[in-house]
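Work through the exercises below with the sequence and the structure at hand. Each task is followed by a worked solution.

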Amino acid sequence: LLDEGSGGASAAAKEEADEEAVDEGSGGGEEDDADSSKDEPHSGGSSRGSGAGHDAGDSDQRGKHEAATSHAALDETSAGGDDSGHDEGEERSGASGDKGKIGEGEGKEEDDSESIITGDPCSGEVNADYETDAALYEMEGIMSYSLCQEKCKADSRCGAWTWGKADIKVWGLSNVCFLKKLGLNQAPKRHTNDKVVSGLPCRGGEASGGEVEEGGSSSEKQKKTKENVPPPSEEMVARFDLSGVAPAVMQESSPGGEKCSTLFCFALMLPNTYEQGLLAWQYQFQANIFACDEFAVYSNKSLQVTPGLVTHVVPVDLTAHFGGEFGTALNTDIFLDVWRQVISDGRFAYYCWTVKADPDTVFFAPRLKQVVREYPEDDVHGLYLNNCKMGMHGPLEVFSRRGVEKWYKGSRDCFLYFYKLCSGPCLWGEDMFVDQCLGRHLNVTRKNVYNLLTEDHCNPPDGWRSCEDTDSVAFHPFKKMHDYQTCLHNADPVLFPKDVVFAETTTTTTAAAAAAAVAAAVGVSTSRGLPVAEVGELDPSWCEFKEGYDIDTDGALYEMEGIVSANACMEKCRSESRCGAFTWGKARNQWGLTNVCFLKKLGIGRTPRLRPNPDVVSGLPCRKADGLEQVSFSDEQAVGQQDGEAGEKQEDEADDEGDPVTPTLYCFALIVPGSYEEDLVAWQYEFGVGIFACDEAAIYSNRSIQVGRSLVSGVVNIDLTAHKGGEFGTALNTDIFRAVWNQVVADARYSLYSWTVKSDPDTVFFAKRLVDVVQQYKETEKGLYINNCRMGMHGPLEVFSKNAVQTWYKGADICDLHFYKLCSGPCLWGEDMFIDQCLGPILNVKRVNYYHLLTEDHCDPPEDWRSCQDSKSVSFHPFKNLHEYQTCLASADPGMFQPGFAASGQVEAAR
């Protein structure tokens, strides 16, 4: 209900008011923090603002992607121009006699003369205080009344302003700008006050000298001005349209339950600046975004920030100009391109929350996880967290999975909406645009969480830079390495001990030197953030599996389904440098636990905590680089020993004194008859590429096919139709390839060569590069095979030593029976996963990791990987189109294959 005497707008005026106001009301979700933004009463009774603004003349201009400093928080209760609801911090009309004027004790003269304004309020009226329906908020450090008027113009909710004169030296009044609401068709009341200057915003071309009378027509003038604004160009509209960049196949709904707290975090880095050094150090110590479940760093060029961390490329100029209402970085265009790449990559969709953090933000992901558990997803509207009473600030932005979806699907509509209301492009930073878009126009639920960010531009408490507030999720800005380390240590001295964080870094600022110093201090290898305790303090019993115990650590990394043994889970942990501990679900028939491997983080120098749980097995990776080695789980070891004869010397190895000086390759492929694969293989055969660059090659199919002039397929009597399903929605082709492998062994040609390679027809494979790789490995009794992906071996290129093929052939049935029991039926896996799980954990075949073996779409490839210009990569996949295959081949080895070296007509010639 409208308060009596408030002068609120009539219902008929609501639509017009909504069109005029950029932010008359958020339209967002309801706010459940009833007292979180209560403003303290000012000495004279007027409402205090939500927080101090910053000095407009502040020389510390914010960086390329820092948020607007003092833009107003969205009005969370008002739904239009009728002022029927107010921010929680505002006094309701009639609750105080002051109603938005400067109160007594601040220069109000005794006569308190009162009249309707009829002079020239657009130029500012000296010695006048304007009374309106209600206060908005106040901003300190505003050095002139003209700047105060600009602040009022910038906030569409502001109907009048009052500025405390600088020369009066009254605390709480001097250089303070009071912004006030004003109902539609209402005029403020004038009170004489010699300590202030007041005025109206007079936006959109309103005459500066005209009278503003009760019932004036300012809205009509503004409407006429907007009608003359030219429409935005198609290019500008397209720049703001993110709706078409999402992958065609993407996670459809948020993974996890009601209190899901998984995080995907990203940052934008300006190359060759202090940000690169900060991010490199953070990566080494798993700080900032690198403590999230998954992370990404974006820049406008591909850079190795530090070993193991390469930027994703966003083709955009990262120069941000300053301007607009708040003199802030106008970086909306820049971050739109970053968001476009984030959405195109699609990784955010696998997590419940997406976080954008600045490199100089000291951000604690475990604290954020505790916060977001209190905010279940809004499946209809999505939600995001507001981190400042003045509106969302950019150093830490937090969005739910559905919130991101609403953002990228509605970004174009937001641009068109605000373009009209701002009479052209709104000169805002990215944070304000996203905040206004989500809360005001798209009706995304907006939750106020003011302990999310403590920063200099959001009215922080005294002493905030000590970072000792344990409730704060993030602190900003800390651009210098030493300042960043100090804040990190003060905030969590247990996770980031002083002697570790500052080890030998006082004279060295590079992250690599800092990491090496810390590694030496705690006695670990220099691989990134190896999370084990000091070798001298680690009880050797930790390197035994803890059956019946769960391990509590500093945070989760991620989980993997379909891991059928504790040994396999331990190997997954070893191969992931961020993994400090693991837990494997051994219980049967428990969805979400059975055969699930949980990888976990562990801070440097930290010891994990055990918690009884009869359904799991846990342990540490105990990598050999640290002088420790994990003891195999006894039950699994016994299974592996069932194949006792598999390691016997083969008769054809009698004269084998070791690997030959130059490794030899036997390569084969399976083709589906009548498919594109026939053309690809025919062309490869004609030009001696792919498997046909090996020492010997063979192709198999389920019928005899003459593919090239003298190339005929071997026959495998099996249906080649592979259905999809299982935990990963993959091709269930294990039976098909078991039959192919049986034929390969029966043909026995593989035994004449030191290595056997299975390659897919659409894999661009360079045999010579593989020879250089396998030359470094020595054959073992049971053989060895090469893992080509951090997620486990992928099938487009599989590489096995001769002994490994023999061990696999003899032990495949043992694996089959073992997995049938563990999966309570057939394991719904692809052939590649079956072999990987069989050879390593069950048959004890040595597994070596070489992640340059295969670059493919399903193994987290680098940006622009399809250009095939990575000279280290042995193969690229998939390239099903012949022209794309040829282009990749030429790009990968231009010295041997010139672009355009093969015409399409030669395919038929080859056939």
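## Exercises on cross-links, a helix and ring contacts

Cys352 has a relative accessible area of 6%, so this cysteine counts as buried. The model used throughout is a predicted one.

**Exercise 1.** Find the disulfide partner of Cys352, and state which parts of the chain the link ties together.

Solution.
- Step 1. The sulfur atom of Cys352 is 2.0 Å from that of Cys260, and the two form a disulfide. A pair of cysteine sulfur atoms has to lie within 2.5 Å to count.
- Step 2. Cys260 sits in the loop between helix 4 (234–239) and strand 7 (263–268), while Cys352 sits in the loop between helix 6 (332–345) and strand 14 (353–357); the link therefore ties together parts 92 residues apart in sequence.
- Step 3. The angle about the S-S bond of Cys260 and Cys352 is 95°, a right-handed link.
- Step 4. Cys260 has 11% relative accessibility and counts as buried, the cut-off being under 20%.

The search of the whole structure gives 14 disulfides.

**Exercise 2.** Determine the handedness of the disulfide between Cys265 and Cys292, and place both residues.

Solution.
- Step 1. The sulfur atoms of Cys265 and Cys292 are 2.0 Å apart and form a disulfide.
- Step 2. The angle about the S-S bond is -80°, and the link of Cys265 and Cys292 is left-handed.
- Step 3. Cys265 belongs to strand 7, and Cys292 to the loop between helix 5 (274–285) and strand 8 (294–299); the pair links distant parts of the chain, 27 residues apart.
- Step 4. Cys265 is buried at 0% relative accessibility, and Cys292 is buried with a relative accessible area of 0%.

**Exercise 3.** Describe helix 8 by its span, its bend and its cover, then find a disulfide that holds it to another helix.

Solution.
- Step 1. From first C-alpha to last, the 21 residues of helix 8 reach 29 Å, close to the expected 30 Å.
- Step 2. At Gly410, helix 8 bends by about 55°.
- Step 3. Of the 21 residues in helix 8, 15 are buried, and the helix is mostly covered.
- Step 4. After helix 8 comes Ser423, with a positive phi near 55°.
- Step 5. Cys414 and Cys437 form a disulfide with sulfur atoms 2.0 Å apart. The torsion about their S-S bond is about 80°, so the link is right-handed.
- Step 6. Cys414 is in helix 8 (residues 401–421) and Cys437 is in helix 9 (residues 430–441), so the pair ties together parts 23 residues apart in sequence. Cys414 and Cys437 are both buried.

**Exercise 4.** Classify the ring pairs Phe264–Tyr351 and Phe348–Tyr408 as stacked, tilted or edge-to-face.

Solution.
- Step 1. The structure has 35 aromatic pairs.
- Step 2. The ring centres of Phe264 and Tyr351 are 6.4 Å apart with planes at 25°, so this pair is stacked. Phe264 is in strand 7 and Tyr351 in the loop between helix 6 and strand 14, 87 residues apart. Phe264 and Tyr351 are both buried.
- Step 3. The ring centres of Phe348 and Tyr408 are 6.3 Å apart with planes at 75°, so this pair is edge-to-face. Phe348 is in the loop between helix 6 and strand 14 and Tyr408 in helix 8, so the pair ties together parts 60 residues apart in sequence. Phe348 and Tyr408 are both buried.

**Exercise 5.** Which ring face does Arg367 lie over, and which does Arg769 lie over?

Solution.
- Step 1. Arg367 lies over the face of Phe364, 4.4 Å from the ring centre.
- Step 2. Arg769 lies over the face of Phe766, at 4.4 Å from the ring centre.

How values were computed
Residues numbered from 1 in each chain as written. Predicted model: local features only at pLDDT ≥ 70, side-chain atom pairs only at ≥ 80, totals over all residues. Heavy atoms only, no water. Helix = DSSP H or I, 4+ residues; strand = E, 2+ residues; numbered from the N terminus. Buried < 20%, exposed > 50% of the residue type's maximum accessible area, 1.4 Å probe, protein only. Expected span 1.5 Å × (residues − 1). Bend = angle between axes of the 7 residues up to and from the residue. Phe/Tyr/Trp six-rings, centres within 6.5 Å; stacked < 30°, edge-to-face > 60°. Lys NZ or Arg CZ within 6 Å of the ring centre and 35° of its normal.
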